[in-house]
Amino acid sequence: MANKQKTLQDAFYETLKDVYYAERQSVRALKKAAKSAQHEDLRQAFETHAEESATQVERIQQVFDIIGKPARGKTCEAMQGLTNEMEEDLEDFGDGPAADAVLAACAQALEHYEIARYGTLKTWALQLGHEDAARLLDETLQEEKKTDQLLTDLAERLNAEGDASASSETKADASKSGESKSGSSRSGKAA
């Protein structure tokens with residue numbers, strides 16, 4: 001028995017199921033990241049995009065309706081890997097000085113994956129004549145790009161602040177180290 005050849009419509013549906021699962025995972029990851037973020041602007045960005053992502057999930061459900069297919073997710077290994085990496089980084093960096101910079105970087109990885117998927121889905125929707133679906137997918141794509149830019153701007157600030165903080169900690173450590181050396185040599189001279 002020969003297998004039926006898969007079409008672009010099949011690819012569209014399978015990728016839509018993938019991004020549906022990924023977007024729901026993203027909502028959970030963003031909520032967790034918001035709780036862990038130390039910088040208020042980063043926390044707010046995560047909370048805002050988690051709400052936006054919940055709306056994006058609803059848009060995906062509308063796309064399923066447009067193409068006449070049930071709204072079902074399919075395990076997205078890529079998103080699972082990205083969210084697992086975020087959780088590992090949260091454990092590794094905890095509330096250290098680089099934690100927010102690492103969180104922002106992890107969130108950008110999620111955004112870049114979603115941007116790639118939504119861009120592809122939009123293109124395929126247009127090729128398949130699903131203009132309404134393409135419009136919904138483009139709306140989400142633009143939101144993802146906007147969030148990515150916001151995260152880039154925040155990351156640049158966080159990295160600069162983290163670098164300045166690390167630099168002053170290094171100077172403080174060097175100063176303390178110099179004081180203890182001076183103190184020990186003085187006590188050596190007095191003896």
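**Helical architecture and nonpolar cores of the predicted model**

The protein chain exposes about 10800 Å², of which carbon and sulfur atoms supply 49%, with areas obtained by the Shrake-Rupley method using a 1.4 Å probe. The model is predicted, so that local features need pLDDT of at least 70 and side-chain atom pairs count only at pLDDT 80 or more, whereas totals for chains, interfaces and linings use all residues. Residues are numbered from 1 along each chain as its sequence is written, and side-chain values use heavy atoms, with hydrogens and water left out.

The secondary structure comprises five helices and zero strands, where helices (H or I, at least four residues) and strands (E, at least two) are DSSP runs numbered from the N terminus. Helix α4 covers residues 99–127, and because its 29 residues at 1.5 Å a residue should span 42 Å, the 42 Å between its end C-alpha atoms agrees with expectation, the expected span being 1.5 Å times one less than the number of residues. G129, which follows α4, has a positive phi near 80°.

Of the 191 residues, 38% count as buried (under 20% relative accessible area, 1.4 Å probe, protein chains only). In the largest nonpolar core (buried Ala, Val, Leu, Ile, Met, Phe, Trp, Tyr and Cys residues joined through side-chain atoms within 4.5 Å), which holds 27 residues, L42, F46, M86 and L103 touch the most other members. Helices α1 (8–36), α2 (40–67), α3 (77–93), α4 and α5 (131–190) each supply at least two residues of this core, and the largest share, seven residues, comes from α4. A second, separate core of 19 residues includes Y20, I67, Y118 and L137.

Key
Buried means under 20% relative accessible area, exposed over 50%, partly exposed in between (1.4 Å probe, protein chains only).
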